[in-house]
Amino acid sequence: MTKPPKPKPLLQDADKPVRSRPRKPRDPAQPNLPLDPMPDRIEPCLALLKARPPKGGDWVYEIKWDGYRLSVHVEPTGIRILTRGGHDWTDRFPAIKQAALWLPVGTAILDGEAVVLDEQGRSDFGLLQQSLGGRGGKKSSSDAIFMAFDLLYFDGHDLRKSELDMRRHLLEDLVPAGEQGDIRLSEEIEADGDQLLASACEHGLEGIIAKCRNAPYRSGRLGDWLKIKCVQSDSFFIVGYERSTAARRQIASLLLAARKDDGLVYVGSVGTGFKESDVSELRDMMDKIIRKTPPLRYTGDRKNVVWLQPTLIAEIDYRAWTDDGKLRHASYKGLREVQDNAAVYKVQ
């Protein structure tokens, strides 16, 4: 009978800590391994819109969240929460800030999305805006949670040159899957892209994100990340509104514009999706930016139009484009914050 191996002396006494011993004293002249400086801000990697999910084993999938893109900086001096445009919104997300303080890490930069979930667990952009007091509001949201989907800096090491699989491995150690706190993991889903998209649409989600598992983190919209939507959703300027004849201060429709070359082009109107609180908020803001003439070439036939300075940006759901370049089946979702740095749709 083979004897069991004799335990090492250090492991025999549970009260004795296990310590390794250097082979020789460290040379004081030997430099320490350098640490990467912590970036003050990182331009986000943006998803490129595609009609269908990509094929092949190089791609992994996540749910597309409908909220505000944020980066959470865990720094030696405290927590900073930055918007996509680089604005400091730390005080507007106190619950996320507190959760970041509890993360078991010295320094880190997490990339993700602030969302408010509805009763079915779906992210709802309108609920997020309400929790922040509407566009231009100054309220803090305790309802918003942070869905973390990437880790860009970790305890002195810049991870942007590392592959997505490596970054995700470290992120999942930091924010374990299944935890229900104010910082949660946006989990990767092993599935066929077409089947996952169909399931996401069936459950009323906005769509899915596909990410190249071997790619480093590159700022900008370069195709390493792709977004595939159930319903098209983009940002447009509000350039006017049509007064309602039914009631005072009501809005029959908003007139929308996209960018084209160095100017704007009319892309139609939206007359659905408004809540009563939306109408009141919109009128208060639009009354301050009225102008006498259209800010673009207008060939429509709407009556009772009030023209506006093109400063308000609306997020609009729509199904398709008409042959003459207008939105089909448009529905209003809410106003975008200037600090969110939303990209207004550009007509090619």
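User: Where along the chain is His329 found?

Analyst: In this predicted model, His329 is found in the loop between β18 (327–328) and β19.

User: Why is His329 called exposed?

Analyst: The relative accessible area of His329 is 57%. Exposed means over 50%, so His329 with its 57% earns the word.

User: What does His329 touch, leaving out residues up to four places away in sequence?

Analyst: On that count, His329 touches Asp317, Tyr318 and Arg319. A contact needs heavy atoms within 4.5 Å. As for Ser269, 60 residues apart from His329 along the chain, the two C-alpha atoms are separated by 9.7 Å.

User: What makes the phi of His329 worth a remark?

Analyst: Phi of His329 is positive, about 55°, although His329 is not a glycine. Asp155 belongs in the same conversation: its phi is near 45°, again a positive value in a residue other than glycine. You will find Asp155 in the loop between β6 (145–154) and β7 (157–158).

User: Why is Asp155 called partly exposed?

Analyst: Asp155 has 36% relative accessibility. Buried would need under 20% and exposed over 50%, with partly exposed in between. A value of 36% falls in between, so Asp155 counts as partly exposed.

User: Back to β19, then. How do you know that β16 and β19 are paired, and in which sense?

Analyst: Strand β16 (residues 313–318) and β19 share 4 bridges in the antiparallel sense. Two strands pair if there are at least two bridges between them, so the 4 bridges here satisfy the rule. One of the partnerships to look for is Ile316 with Tyr332 in β19.

User: What makes β19 mostly covered?

Analyst: Of the 5 residues of β19, 4 are buried. Buried means under 20% relative accessible area. For the protein, buried residues make up 46% of the 348 residues.

User: What makes β1 and β2 the edge strands of their sheet?

Analyst: The sheet is open, with 4 strands in the order β1-β10-β9-β2 and mixed pairing. β1 (48–49) and β2 (59–63) each pair on one side only, and these are the edge strands. Helix α5 (residues 193–202) packs on this sheet, touching β2, β9 (207–212) and β10, and the direction of α5 makes about 150° with that of β9.

User: How do you know that β1 pairs with β10, and in which sense?

Analyst: β1 and strand β10 (residues 225–229) are joined in the parallel sense over 2 bridges. The rule asks for at least two, so 2 bridges meet it. In one of these contacts between strands, Leu49 has Lys227 of β10 as its bridge partner. In general, strands of a sheet pair through backbone hydrogen bonds, either parallel or antiparallel.

User: Which residues lie nearest the centre of the largest pocket?

Analyst: Ala47, Lys64, Arg84, Arg221 and Lys227 lie nearest the centre, out of 35 lining residues. The elements giving two or more residues to that lining are β1, β2, β9, β10 and β11 (232–243). The volume of the largest pocket is about 840 Å³.

User: How do the lining residues of the largest pocket divide by class?

Analyst: They divide into 14 nonpolar, 4 polar and 17 charged. Asp, Glu, Lys and Arg count as charged, so Lys64, Arg84, Arg221 and Lys227 belong to that class. Ala counts as nonpolar, which places Ala47 there.

User: And which residues are nearest the centre of the second largest pocket?

Analyst: Asp66, Ser123, Gly204, Asp317 and Lys333 are, among 18 lining residues. About 420 Å³ of space lies in this pocket. Two or more lining residues come from each of α3 (125–131) and β19 (331–335). By class the lining has 5 nonpolar, 4 polar and 9 charged residues.

User: How many cavities of 30 Å³ or more are there in the whole structure?

Analyst: The search finds 1. A cavity is a place where a 1.4 Å probe fits but cannot get out, whereas a pocket is open. About 100 Å³ of space lies in the largest cavity. Its lining includes Arg41, Asp111, Leu152 and Tyr217, and the largest share of that lining, 3 residues, comes from β3.

Methods:
Residues numbered from 1 in each chain as written. Predicted model: local features only at pLDDT ≥ 70, side-chain atom pairs only at ≥ 80, totals over all residues. Heavy atoms only, no water. Axes fitted to C-alpha atoms, helices over the stretch in contact; angles between N-to-C directions. 1 Å grid on protein atoms, 1.4 Å probe; cavity = no way out; pocket = protein on both sides within 12 Å on 5 of 7 lines; lining within 4 Å. Points joined across faces, edges and corners; volume = space filled by probe spheres on them. Buried < 20%, exposed > 50% of the residue type's maximum accessible area, 1.4 Å probe, protein only.
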